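Here is a brisk report on one protein model. It moves from the sheet to the helices, then to rings, charges and cysteines.

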Amino acid sequence: MSAGYAARPRARRGRGTTPRGRATGYAHRPGSRGAMIGAFYEHNLRGRYVEVEYADGRVRPLAAERWLRPIDGDEDVLDRCGGPTLDVGSGAGRLTAALARRGVFALGIDITPLAVELTRRAGGLALLRCVFEPLPGTGLWAEALLTDGNIGIGGDPVALLLRVRQLVRPGGAVFAEVRPPGSGSTADRVRLRHGGRTGDWFPWATVCADDIGLLAVRCGFPTVELWTAAGRWFATCTGPAP
């Protein structure tokens, strides 16, 4: 769970939608669910303790600090990015900035102002956006990243992959980090807690390696390659060639 995890918005009258009727806008207004989630994440980036509570009673630390520095396996992801890359839920921008240092054009998107600021400080480009909002370069990105569990954004991997399919160009690829085989995919309701405050429930999902192939094909990515790096599992989901 990284810092792009606003719940997928519902379509509303007067808001832009995709041909499938899915909303493409998300309001960054005080009191909105996305703003609240982003605020808790920002607390955690500043070193304060934040918990993730699941509807079934499980609780675990958010531990966002692990995304502030390189993680084993990152280099393998970066090596596969050769063209303009969109980093979805980029958090503090470790991958966005690393691509910039390699001379690869990359843009991070995140719903947390501090995360965007940290990305820019590290030398990366970043925008304060949700993936379901209108984005620059739609249909032109060579690659998109869904690492650190971000395939769970919105709690609906189908909706997310359909959206990312719109963002990448024909023949473009998505590098999605998934759970190991045999671990099962999940659809959860979670909320964040910090300092006696509790956020609203929002949906979150995970996808395991066993399920990503059929899921990707359903969403317009006919070619799927599974690979591992430093104990992490990934899927390269490639769209049809032009």
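Which strands does α6 lie across, and at what angle does α6 run to β11? Helix α6 lies across β7, β11 and β12. Its direction is at about 155° to β11. The model is a predicted one.

## The seven-stranded sheet

An open sheet is built from seven strands. Their order is β5-β4-β3-β6-β7-β12-β11, and the pairing is mixed. The edges are β5 (125-128) and β11 (223-229). Each edge strand pairs on one side only. From one strand to the next, the twist averages 20°.

At one edge, β11 meets β12 (residues 232-238). The two run antiparallel and are joined by seven bridges. One of the partnerships is Thr 223 with Thr 238 in β12.

## Helix α3 on the sheet

Helix α3 (residues 94-101) also packs on this sheet. It touches β3, β4 (106-110), β5, β6 and β12. The direction of α3 makes about 165° with that of β4.

How many of the eight residues of α3 are buried? Six are, so α3 is mostly covered. The buried residues are Arg 94, Leu 95, Thr 96, Ala 97, Ala 98 and Leu 99. After α3 comes Gly 103, with a positive phi near 85°.

## Helix α5, mostly covered

Helix α5 (residues 157-167) is mostly covered as well. Nine of its eleven residues are buried. These are Pro 157, Val 158, Ala 159, Leu 160, Leu 161, Leu 162, Arg 163, Val 164 and Leu 167. The list includes a charged residue type, Arg 163.

What covers the buried residues of α5? The cover includes four strands: β3 (85-88), β6 (141-146), β7 (168-178) and β10 (202-206). Helix α6 (209-218) is also part of the cover. That is the helix that lies across β7, β11 and β12.

## Strand β1 and its partners

Strand β1 (residues 51-54) is covered on both faces. Glu 51 and Glu 53 are buried on one side. Val 52 and Tyr 54 are buried on the other. In a regular strand, side chains alternate between the two faces of the sheet.

β1 pairs with β2 through three bridges, running antiparallel. The two strands form a hairpin with four residues between them. Gly 57 in the turn has a positive phi of about 105°. β1 is also joined to β8 (residues 186-194), by four bridges and again antiparallel. Glu 53 stands opposite Val 59 in β2. Glu 53 also stands opposite Arg 191 in β8.

## Aromatic pairs

The count of aromatic pairs comes to three. Why does the pair of Tyr 41 and Trp 67 count as stacked? Their planes are at 25°, and the cut-off for stacking is under 30 degrees, so the pair is stacked. The ring centres are 6.4 Å apart. This pair links distant parts of the chain. Tyr 41 is in helix α1 (residues 33-45), while Trp 67 is in the loop between β2 (59-61) and α2 (74-79). The two residues are 26 residues apart. Tyr 41 is buried, at 0% relative accessibility. Trp 67 is buried too, at 5%.

Trp 227 and Phe 234 form another stacked pair. Their centres are 4.5 Å apart, with 15° between the planes. Trp 227 counts as buried because its relative accessibility is 6%. Phe 234 is buried at 0%.

## Charges over rings

Where does the charged end of Arg 66 sit? It is over the ring of Trp 67, 4.1 Å from the ring centre. Trp 67 is the residue whose ring stacks with Tyr 41.

Arg 58 is placed over the face of Tyr 54. The distance from the ring centre is 4.0 Å. Tyr 54 is one of the buried residues of β1.

## Cysteines

How many disulfides does a search of the whole structure find? It finds zero. Cys 130 counts as buried, at 1% relative accessibility. Cys 208 counts as buried at 2%.

Terms used:
Residues numbered from 1 in each chain as written. Predicted model: local features only at pLDDT ≥ 70, side-chain atom pairs only at ≥ 80, totals over all residues. Heavy atoms only, no water. Phe/Tyr/Trp six-rings, centres within 6.5 Å; stacked < 30°, edge-to-face > 60°. Buried < 20%, exposed > 50% of the residue type's maximum accessible area, 1.4 Å probe, protein only. Lys NZ or Arg CZ within 6 Å of the ring centre and 35° of its normal. Contact = heavy atoms within 4.5 Å. Pairing = 2+ DSSP bridges. Axes fitted to C-alpha atoms, helices over the stretch in contact; angles between N-to-C directions. Disulfide = S-S within 2.5 Å.
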